[in-house]
Amino acid sequence: MTDRDRILAILDGKTPDRIPWIPRLQIWYDAARKTGTLPDEYRGMSLREVERAVFGGTAARNGFVYREELRDVEIRTHRPNEMETVTEYVTPAGTVSTRFRSTARLRGQAIQDAQVEFLLKRREDYRAVEYLIEHTRVTPAYDEYEQYEREVGDEGYPMVNCGDCPFHHWMRALAGYDQAYFHLQDYRGEVERLLAVLTEHARANVWPHLLDSPARLIMHGHHLSSQMTPPRLFERYILPYYEELSPQMRRRGKVLALHADNDTRLIFSQIERAGFAVAECFATAPLVETTLAEARAAWGDRVIVFGGVPSVILEDPYTDEQFERYLDELLRTIAPGRAFILGIADNAMPGTKIERVRRVTEIVRQRGTYPIS
């Protein structure tokens, strides 16, 4: 079977010849190329060529099914210094801004800037952000997706990022984790009004593309966690959204995925009830407190786990012996291997020892044949 065959078999509830191994190498590759530390055998290669050489496939994360365009808004961008970028959005309802910051070290490794100021800072900002949402146009890009799927070919299967649910998008991208709970307490009316605007915008403008596009494996939900979206808040603000959406997706043959690179041990039940069929980039100990064994015990083979290799075990200070022991335990935990795609949570980082990624490839080919024992 090809990697495409293996992934599709798992999405269909079937068993492949062996577990797929689909690591993400983007961050490691970009940093190594930027710093001139790509191993000699990979110099001059594209990311796709390196993926093929390291594990024989591709992560296939660059597909998209729609475009977003902000209209009737004046956008002003300036750089107060070489490490910061401030962007202002001028609307009839007010002006809001973001600030992104980097460091020389991060720039030197091609790591994206960190957002340190968010659009929502005051009560008055909520009307301006509502205006931005209401003036975001969403248009289909189905031809581009189909071309991308053809380019991926048999080496993988595209997972399409279609954004986040309204509550977590507000929390992470609009208010910021540091201030979100304060806003929920102090500006609850404004927060819930904005969540209603976000939900209606998604229902009218994004959902049609989740349902009608040629893509099947749809990521729509990011970083939900035991700490920031615990059970009580998940059930109040997140679950109703997915309870409306996920049955429609299932009827259309779509597979709903959560980008699960966070500690999820307290929200296993809510994730399954929301209709997520795949927990992608699934983070486990020692990266977070969640363990793979806990997830398998909670979900069985009803939720596909896509992950299992925490990025920290691919670099120092983890020894080769600890790395090998971890992989032995992983194979025992997932046996016989149903509903499982092996991947890195979240990405191979700049300090990754690429020989360990190649070692996982070797182990999968030697011991990953279904059924694993």
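A polar contact here is a pair of N or O atoms within 3.5 Å, where one must be able to donate a hydrogen and the other to accept it. Keep that in mind for the first stop. One caution before you click: this is a predicted model.

**Stop 1: E280**

Select E280, which sits in strand 10 (residues 278-282). Now show the side chain of R61 as well: the two side chains make a polar contact at 2.4 Å. Is E280 buried or exposed? E280 counts as buried, because its relative accessibility is 0% and the cut-off for buried is under 20%.

Next, bring up what surrounds E280. Leaving out residues up to four places away in sequence, E280 touches R24, R61, M159, M219, L258, H259, A260, D261 and F306. Pick F306 from that set: F306 is in strand 11, and E280 stands opposite F306 there.

**Stop 2: the sheet around strand 10**

Colour strand 10 and strand 11 (residues 304-310) together. They run parallel and are joined by 4 bridges. Now widen the selection to the whole open sheet, which has 6 strands in the order 7-8-9-10-11-12 with parallel pairing. Which strands stand at the edges? Strand 7 (160-161) and strand 12 (340-345) do; each has a single partner strand, so one side of each is left without a neighbour in the sheet.

While you are at strand 12, look at the link from A345 to D346. The peptide bond there is cis, with omega about -5 degrees. D346 belongs to the loop between strand 12 and helix 14 (354-367). Carry on past helix 14 to P371, which lies in the segment after that helix. The bond from Y370 to P371 is cis too, with omega near -5 degrees.

**Stop 3: helix 1**

Select residues 3-11, which make up helix 1. Of its 9 residues, 7 are buried, so helix 1 is largely enclosed by the rest of the structure. The buried ones are D3, R6, I7, L8, A9, I10 and L11. What do they pack against? Show strand 8 (217-222), strand 9, strand 10, strand 11 and strand 12, and you have the strands that the buried residues of helix 1 pack against. Then step along to G13, which follows helix 1 and has a positive phi, near 80 degrees.

**Stop 4: the second largest pocket**

Stay with L11 on screen. The second largest pocket has a volume of about 290 Å³. Its lining takes in 22 residues, and the ones closest to its centre are L11, A277, D301, R302 and I304. Select those five to place yourself.

Which elements each supply at least two lining residues? Helix 1, helix 10 (231-251) and strand 9 (255-259) do. Helix 10 gives the most, with 3 residues. If you colour the lining by chemistry, expect 10 nonpolar, 4 polar and 8 charged residues.

**Stop 5: strands 2, 3 and 4**

Jump to strand 3 (residues 84-91) and select T87. T87 counts as buried because its relative accessibility is 11%. Setting aside neighbours within four places in sequence, T87 is in contact with I75, R76, T77, V96, S97 and T98.

T77 is the residue opposite T87. It comes from the pairing of strand 2 (74-81) with strand 3, which run antiparallel and are joined by 6 bridges. The two form a hairpin with 2 residues between them.

Now add strand 4 (residues 94-101): strand 3 and strand 4 pair in the antiparallel sense over 8 bridges. To find a bridge between them, select T85, whose partner in strand 4 is F100. These two strands also form a hairpin, again with 2 residues between them. As for strand 3 as a whole, 7 of its 8 residues are buried, so it is largely enclosed by the rest of the structure.

**Stop 6: two positive phi values**

Most residues other than glycine have a negative phi. With that in mind, select A60, where phi is positive, near 55 degrees. A60 lies in the loop between helix 3 (47-54) and strand 1 (66-70) and, at 2% relative accessibility, counts as buried.

Last, go to D72 in the loop between strand 1 and strand 2. D72 is not a glycine either, and its phi is about 60 degrees. Buried or exposed? D72 is exposed, with a relative accessible area of 60%.

Note on methods:
Residues numbered from 1 in each chain as written. Predicted model: local features only at pLDDT ≥ 70, side-chain atom pairs only at ≥ 80, totals over all residues. Heavy atoms only, no water. 1 Å grid on protein atoms, 1.4 Å probe; cavity = no way out; pocket = protein on both sides within 12 Å on 5 of 7 lines; lining within 4 Å. Points joined across faces, edges and corners; volume = space filled by probe spheres on them. Nonpolar A, V, L, I, M, F, W, Y, C, P; charged D, E, K, R; others polar. Buried < 20%, exposed > 50% of the residue type's maximum accessible area, 1.4 Å probe, protein only. Contact = heavy atoms within 4.5 Å. Pairing = 2+ DSSP bridges.
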